[in-house]
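Trainee: I should like to learn how to read the features of a structural model. May we work through one together?

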Amino acid sequence: MSEFEPKIVAFVCNWCTYAGADLAGTSRIKYAQNVRIVRFPCTGRIDFMLLLKAFEEGADGIIVSGCHPADCHYTSGNYHARRRWMVFKDLLDFIGIDSRRIVFSWVSAAEGAKWAHLVNDTVSEIRNLGPMKEYKNLENVSSNKIGELIND
Amino acid sequence: MTELQNIAKKLFDDGSINLLIGYSNNENGGTSAIFIDNSADIDKLIYNENCHQNLMVYFQKPEVKKFGKLAFVVSLPGLKSVLEIASENQIKDGDAYFIAIDKDGNPSLLQDFHQIEDFITNNQTKPPMGLLKLMEKINNMTREERWQYWTDEFSKCIKCYACRSVCPLCYCTQCITDINIPQWISTESSPIGNLDWHIARAMHLAGRCIGCGECMKACPVDIPLALLTANLNKSIAIHFGDEPGMKADYKYPLSHYKLEDKENFIR
Amino acid sequence: MARIGVFICHCGENIASTVDCGKVAEISSKIPGVVFSTDYKYMCSDPGQTLIKDAIKKYKLTGVVVGACSPRMHEPTFRKVVASEGINPFFCEMANIREHCSWVHPKGEETTQKAADTIRILVEKVRNNEPLYPIKVPVTKRALVIGGGIAGIQASLDIANAGNEVILIEKEPSIGGHMAQLSETFPTLDCSQCILTPRMVEVAQHPNITLMSYSEVESLEGFIGNFKATIRKKARFINEELCNGCGDCTLKCPIKKIPDEFNAEMGKRPAIYVPFPQAVPNKPVIDKDNCTHFKNGKCQFCKTNCSAGAIDFDQQDQLITVDVGAIVVATGFTIKGTDFFPEYGYGKYKDVVTGLQFERLLSSSGPTLGEVRRPSDGKVPKKVVFIACAGSRDPAKGIEYCSKICCMYTAKHAMLYKHKVPDGEADIFYMDIRAGGKNYEEFVRRAVEEDDVNYIRGRVSKVYEKNGKLIVRGVDTLLNSTPVEIEADMVVLATASVAHSDAESLAQKLHISYDSYNFFSEAHPKLRPVETNTAGITLAGACQAPKDIPESVAQASAAASKTIALFSQDLLTREPIIAVSNKSTCVGCFLCQSVCPYLAIEREEIKDRNGNIIKTVASINSGLCQGCGTCVAFCRSKSIDLQGYTNNQVFSEVSALFERSEEYV
Ligand code: SF4
Ligand code: SF4
Ligand code: FES
């Protein structure tokens with residue numbers, strides 16, 4: 001069997017990470033193909049619901065990335081995002097979703113190489129974690145337990 | 001006449017209020033909310049350890065609002081929700097009177113947020129042991145066990161939204177679950193839909209939940225909902241040092257930030 | 001029903017060498033709603049653009065996805081193409097299959113698959129796009145310039161000369177700022193007042209400039225093109241209309257011994273005074289705290305002696321509201337006083353002075369009429385020690401930055417001192433000599449070579465008084481840190497330049513950001529050095545960071561040119577990528593309000609027919625919103641959405657992430 005190829009989605013801000021990924025391109029830095037990029041104006045725009053949705057769509061890992069602190073194009077979107085993620089991560093941990101599947105990183109427009117590394121590292125880390133079984137299994141837990149509940 | 005009834009009567013007599021929301025005995029031997037709009041009914045007003053419902057949930061209801069001058073019988077959690085919704089621009093100082101029940105069951109009349117803040121500071125209680133124990137137990141599980149635990153719990157959810165309707169902080173006119181463009185959360189009680197709902201609910205209450213535990217008591221299938229928000233509040237207290245429901249001018253931690261916020265989880 | 005066209009560019013070999021473009025076009029054609037799909041060698045070329053235009057006509061397309069390079073490169077190009085065919089430009093999206101795909105992955109199926117996925121994601125976005133129209137905001141062509149130092153003067157004159165109205169406000173009784181206090185300026189040694197005062201007069205006489213001295217900003221509302229500023233015009237107790245500036249009153253005032261601010265407290269002034277002879281406006285002001293009349297109701301000597309009847313003890317502060325379209329902040333800086341330095345005597349030695357005080361002693365309009373005489377006994381000092389970097393570049397003192405102007409003015413001070421006291425000795429303790437600037441290095445060399453100024457590299461640890469002399473103890477680090485002790489007649493401290501004590505509160509009133517030293521922050525340190533993060537507000541001069549005169553003037557002209565460019569249009573056009581709130585679902589929790597970096601979220605009261613407030617909801621000021629979307633992700637009830645990145649769009653994009661292309665095969 002061929003090696004498990006994780007599906008990775010990257011939610012990135014337009015001004016830093018998207019541009020950093022552009023730079024990786026112009027510098028022809030090669031990295032893993034597994035990643036699909038969704039562009040946002042700013043990390044502040046990234047709704048935690050979209051992360052859930054991505055898992056639901058079959059993502060095995062998620063990269064969330066934007067401007068370094070103090071560099072946000074809108075001055076503070078990333079600071080708000082940082083708090084939101086901190087709390088969200090704790091919630092996922094508590095529920096038992098492996099929060100290592102979400103990788104947060106600051107990648108500036110000048111860090112093409114960092115972007116490439118980030119993708120590669122994430123791919124290999126998620127490859128080690130294996131497929132995101134939890135969500136996939138959920139789809140199979142078809143009927144809920146209400147039946148049992150009513151019965152007893 | 002009890003002290004509680006005395007206070008209530010006085011409020012009616014001097015014309016301070018048109019509606020009082022408190023507790024009375026019900027025919028099942030329990031207690032339930034009673035809406036008193038004239039002082040003749042005051043003898044039905046009671047307070048005992050069975051009176052747990054957070055009556056502040058009624059504050060935002062238009063049917064209640066139209067009475068104008070209001071009074072609520074509230075214990076500690078209720079008062080905390082007053083301050084929390086005050087910080088969320090939903091209630092102004094002077095919008096209502098509060099007959100506060102202290103930890104010994106004695107009533108007193110509170111009129112402004114300042115008095116409420118003092119009352120809360122002086123009447124702090126520890127969260128119920130059972131909840132803390134369960135929280136610890138879950139935190140000590142392996143991740144796989146936790147996932148199993150919660151999928152089991154969530155799979156019971158029938159999406160009745162009782163948790164939402166008893167929550168004094170779920171006052172949105174449009175809840176995210178009711179939106180269909182886009183359909184953020186699937187409406188059926190499917191495993192994924194349930195998970196999404198409970199995560200969304202917890203996130204929306206993170207740093208806002210004042211821990212009255214009503215959601216858990218209302219849940220017909222006994223999902224320990226309050227754990228999710230209690231655990232989140234714990235992380236918020238650790239990360240940002242904030243606690244909801246203590247001050248009327250509370251700054252919601254998720255819409256403020258500090259430059260030095262922790263970021264050791266960010267690469 | 002959406003009719004979407006997909007156009008895959010080969011970018012010569014740039015994309016086509018690793019991505020099978022024909023295959024991508026073929027896969028894309030199977031996406032529901034895609035009615036046309038093709039690939040072409042150079043989409044951005046003329047024939048490529050024509051191909052798109054023709055397809056729009058032929059297939060009645062309602063949306064276009066171009067799979068090519070980064071949208072940061074060609075998005076405007078393709079949006080224009082689409083617009084030229086009458087489609088709203090926001091129905092065109094670019095899928096980045098070059099920078100994010102062909103250039104970073106090897107040739108092969110996976111890479112082609114990724115390109116196809118990227119197209120599909122953007123098709124879903126386009127499907128959910130809504131037409132957006134540029135936002136037009138009217139512009140009030142009147143500028144407010146805050147601060148009447150050289151930067152504010154320059155900015156005002158430039159803006160006014162371009163034909164725009166300017167309101168220049170200055171918190172002191174006269175404009176002129178620090179430059180008016182200087183004796184001569186480096187590196188040319190021309191007389192500061194001689195070059196400045198004509199500019200001051202020009203301001204006063206300019207038909208487009210309204211000068212409000214002794215005035216401060218009280219509050220500011222609004223946004224670019226549409227600010228409303230409230231200005232507090234402080235009572236000067238003089239009717240400016242009646243006053244003819246004769247100055248009789250100032251001569252008659254019985255109070256004479258108030259430390260004179262203009263002379264850096266090296267001289268004295270009366271309670272009613274004009275700060276300096278060339279003041280603009282040349283109208284006195286009564287210093288209420290020191291006036292006998294205000295203290296005990298007596299005196300009124302000035303009033304009895306004013307032939308114009310201009311003294312008005314009943315005058316009150318006035319609040320004046322003005323509409324302006326742009327603001328230049330030019331509030332300058334101040335310096336630390338000698339009292340900041342315990343090691344140099346906490347300000348208790350009279351002959352330890354700041355650079356600014358020494359400047360006044362050198363000035364021919366100063367208290368000693370330009371003779372260098374020391375404050376304690378009026379004697380001419382024969383040995384003067386200058387200490388550079390007093391407080392600056394000193395983490396222990398909390399000021400880590402370089403004050404920038406001290407190296408040069410200290411050289412100038414020593415030089416001018418030597419010109420005036422040729423048999424005197426001048427020693428300068430310095431850390432490094434920073435003389436970057438046109439003719440600056442030469443100037444410092446001149447001080448050393450022609451005027452015999454003695455530079456000692458090292459810090460001074462202590463200054464104390466002994467037998468009428470000041471003992472200066474330091475080390476010479478160029479001589480193995482040998483201790484040096486000098487008996488001086490006078491010590492001049494080049495004290496750190498710092499922000500004004502009210503800088504922070506001004507920044508908060510204006511909603512502009514500031515750094516940890518309370519200097520105002522520019523929008524970008526390299527590329528937007530004069531704009532602030534608040535659109536329509538620019539910075540000039542030392543309120544941003546310590547600067548010398550030429551730099552302040554240059555920045556002032558730059559701020560003016562930004563302002564003039566803004567005023568050159570009647571309507572300001574802005575990208576419609578902004579947030580909008582849904583007033584029917586918003587519950588008015590206003591937790592979102594604090595997340596907006598631009599304070600664009602306002603409270604709007606919704607009233608019923610009788611005018612009773614039903615509820616208060618969030619409303620986004622489209623002039624202020626920059627479209628970050630932080631509020632959007634934040635709102636629990638999804639009552640705010642971001643145009644161009646709506647909830648529905650991003651949700652659809654995520655929903656399309658991993659559908660396998662086989663579904664379409
Ligand atoms: S827009 Fe949302 S977050 Fe803002 S006030 Fe309204 S409901 Fe609250
Ligand atoms: S999108 Fe950003 S700039 Fe616009 S109102 Fe929301 S938070 Fe403010
Ligand atoms: S713009 Fe990149 S994080 Fe805000």
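Trainee: Is B:Arg208 buried, partly exposed or exposed?

Mentor: A residue is called buried under 20% relative accessible area, exposed over 50%, and partly exposed in between, using a 1.4 Å probe and protein chains only. B:Arg208 has 1% relative accessibility and counts as buried. Please note that this is a predicted model, in which local features need pLDDT of at least 70, side-chain atom pairs count only at pLDDT 80 or more, and totals for chains, interfaces and linings use all residues. Residues are numbered from 1 along each chain as its sequence is written, chains are lettered from A and ligands numbered from 1 in the order in which they are written, and side-chain values use heavy atoms, leaving out hydrogens and water.

Trainee: With which residue does the side chain of B:Arg208 meet in a salt bridge?

Mentor: A salt bridge is a side-chain nitrogen of Lys or Arg within 4 Å of a carboxyl oxygen of Asp or Glu. The partner of B:Arg208 is B:Glu88, at 2.7 Å from N to O. B:Glu88 lies in the loop between α3 (76-87) and β4 (96-101) of chain B, and B:Arg208 in the loop between α8 and α9 (214-218), so the pair ties together parts that are 120 residues apart in sequence. Helices (H or I, at least four residues) and strands (E, at least two) are DSSP runs, numbered from the N terminus. B:Glu88 is buried, with a relative accessible area of 0%.

Trainee: How many salt bridges does a search of the whole structure find?

Mentor: The search finds 59 over all chains. Among them is the pair B:Arg164 and B:Asp178, with the closest N and O atoms 3.6 Å apart. Salt bridges also link A:Arg39, C:Glu75, C:Arg79, C:Glu93 and C:Lys125 in a network.

Trainee: How is an interface described, and what is the area buried between chain B and chain A?

Mentor: The size of an interface is often given as the accessible area lost when the parts come together. Buried area is that loss, found with a 1.4 Å probe and summed over both parts. Between chain B and chain A the buried area is about 4400 Å², of which carbon and sulfur atoms give 69%. B:Trp147, B:Phe265 and B:Arg267 supply 18% of the area that chain B buries against chain A, more than any other three residues. In terms of contact (heavy atoms within 4.5 Å), 52 residues of chain B meet 45 residues of chain A.

Trainee: How many salt bridges cross the interface of chain B and chain A?

Mentor: The rule finds five across this interface. B:Glu263 forms a salt bridge with A:Arg82, the closest N and O atoms being 2.8 Å apart.

Trainee: What should one look for in the backbone, and where is C:Pro187 found?

Mentor: Most residues other than glycine have a negative phi, and most peptide bonds are trans. C:Pro187 lies in the loop between β8 (184-185) and β9 (190-191) of chain C, and the peptide bond from C:Phe186 to C:Pro187 is cis, with omega near -5°. Another cis peptide bond joins C:Val280 and C:Pro281, with omega about 0°. As for phi, C:Asn467 has a positive value of about 50° although it is not a glycine. C:Asn467 is found in the loop between β24 (460-466) and β25 (469-476) of chain C, and at 75% relative accessibility C:Asn467 counts as exposed.

Definitions and conventions:
Buried area = accessible area lost by both parts, 1.4 Å probe.
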